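Morning, everyone. Please bring the structure up on your screens, and I'll walk you through a few places in it.

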Amino acid sequence: AHLLACDGCGQPATAEHIAKRLQRLEWTTRYRPIHIGAVLLGAFAPTDDAEFLYAEAGAFAGEAKDVLSSSGISPNGKTAEATLSEFQRRGFLLTYVLECPLNPGVSGSIAIQTLLQSRLPLLSARVRRSLRPRRVVPISRFLEPLIASLKDGELGCPLVLDRGRPFALDIGGSEEVAARLSQALAANPAAAH
């Protein structure tokens, strides 16, 4: 059976892959701000739903937990819905260059970089035409080789970097990075319309 390329990540997609993409899209759309102050941009969606910020279960593990903490939001004592609504009210949207997790077998930085690079024109168009945020904040070390392309990609808004690089929340022990990201997000609050 010939697999079609997924329109969210460009990888060969099974029916299950497409179904999971549509589920993630539905979860994310529910909490998309009308006016986006900052797009937090990851390289690819996490494989585990517990780490996917917008997952219905609201487990907020791994990346999801780091993103919430960096944006000054604590899920403690709140429902997942209340936590995500607060993230939304602050004008934040988490999205990815590859809107799906990496397919099994995709590893090695060259393979990952090739996939990411191939999606940049679509990402730039999506940011410019659909999302129209006040700023884009890359949060994955995998995006570092793409920074020059992102700057030139006419995102239509400033790119907020951590000392010229992405805020690498995906590196273990990233408390310092999370603290700098928190400062960057607080320093450029989304002005309400």
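I'll take a strand, then the core, then the aromatics, then the cysteines. Keep in mind that this is a predicted model.

Start with strand β4, residues 92-98. How much of β4 is covered? It is mostly covered, with seven of its seven residues buried. Its partner is β3. The two strands run parallel, and six bridges join them. One bridge to find on screen: Phe-44 has Leu-98 in β4 as its partner.

Now click on Thr-95, which sits in β4. Is Thr-95 buried or exposed? Its relative accessible area is 7%, and the cut-off for buried is under 20%, so Thr-95 counts as buried. Which side chain makes a polar contact with Thr-95? That is Arg-126, and the contact is 2.3 Å. Setting aside residues up to four places away in sequence, Thr-95 touches Val-39, Leu-40, Leu-41, Gly-42, Arg-126 and Leu-131.

Next, Leu-53. Leu-53 is in the loop between β3, residues 38-44, and α2, residues 62-70. Along the chain, Leu-53 and Thr-95 are 42 residues apart, yet their C-alpha atoms are separated by 9.7 Å. Leu-53 is a loop residue, and it is buried, at 0% relative accessibility. Look at what Leu-53 touches beyond four places in sequence: Phe-60, Ala-64, Val-67, Leu-68, Leu-84, Phe-87 and Leu-94.

That takes us to the core. The largest nonpolar core has 60 residues. Which of them touch the most other members? Leu-53, Tyr-54, Leu-116 and Ile-139 do. Several elements give two or more residues to this core, among them β3, β4, α3 (80-89), β5 (135-138) and α6 (175-187). Which element gives the most to this core? It is α4, with seven residues. Zoom in on Leu-116. Leaving out neighbours within four places in sequence, Leu-116 contacts Ala-43, Val-97, Leu-98, Phe-142, Leu-143 and Leu-146.

On to the aromatics. How many aromatic pairs does a search of the whole structure find? Seven. Here are two of them. Tyr-31 and Tyr-54 are stacked, at 6.4 Å centre to centre and 15 degrees between the planes. Tyr-31 lies in the loop between α1 (15-30) and β3, and Tyr-54 lies in the loop between β3 and α2, so this pair ties together parts that are 23 residues apart in sequence. Both tyrosines, Tyr-31 and Tyr-54, are buried. The other pair is Phe-87 with Phe-92. This one is tilted, at 5.4 Å centre to centre and 50 degrees between the planes. Phe-87 is buried at 0% relative accessibility, and Phe-92 is buried at 5%. Now select Trp-27, Tyr-31, Phe-52, Tyr-54, Phe-87, Phe-92 and Tyr-96 together. They form one aromatic cluster.

Last, the cysteines. How many disulfides are counted? Zero. Why is Cys-9 not bonded to Cys-100? The sulfur of Cys-100 is the closest cysteine sulfur to that of Cys-9, but at 3.7 Å it is too far for a bond. A disulfide needs the sulfurs within 2.5 Å. Cys-100 is in no disulfide either, and its nearest cysteine sulfur, that of Cys-6, is 3.7 Å away. Cys-9 is buried, at 0% relative accessibility. Cys-100 is buried too, at 0%.

That's the tour. I'll take questions now.

Technical notes. Residues are numbered from 1 along each chain as its sequence is written. This is a predicted model: local features need pLDDT of at least 70, side-chain atom pairs count only at pLDDT 80 or more; totals for chains, interfaces and linings use all residues. Side-chain values use heavy atoms; hydrogens and water are left out. Helices (H or I, at least four residues) and strands (E, at least two) are DSSP runs, numbered from the N terminus. Buried means under 20% relative accessible area, exposed over 50%, partly exposed in between (1.4 Å probe, protein chains only). A polar contact is a pair of N or O atoms within 3.5 Å; within protein, one must be able to donate a hydrogen and the other to accept it, and residues adjacent in sequence count only if both atoms are side-chain atoms. Contact means heavy atoms within 4.5 Å. A nonpolar core is a set of buried Ala, Val, Leu, Ile, Met, Phe, Trp, Tyr and Cys residues joined through side-chain atoms within 4.5 Å. Rings of Phe, Tyr and Trp (its six-membered ring) pair if their centres lie within 6.5 Å; planes under 30 degrees apart count as stacked, over 60 as edge-to-face and the rest as tilted. Two strands pair if DSSP finds at least two bridges between them.
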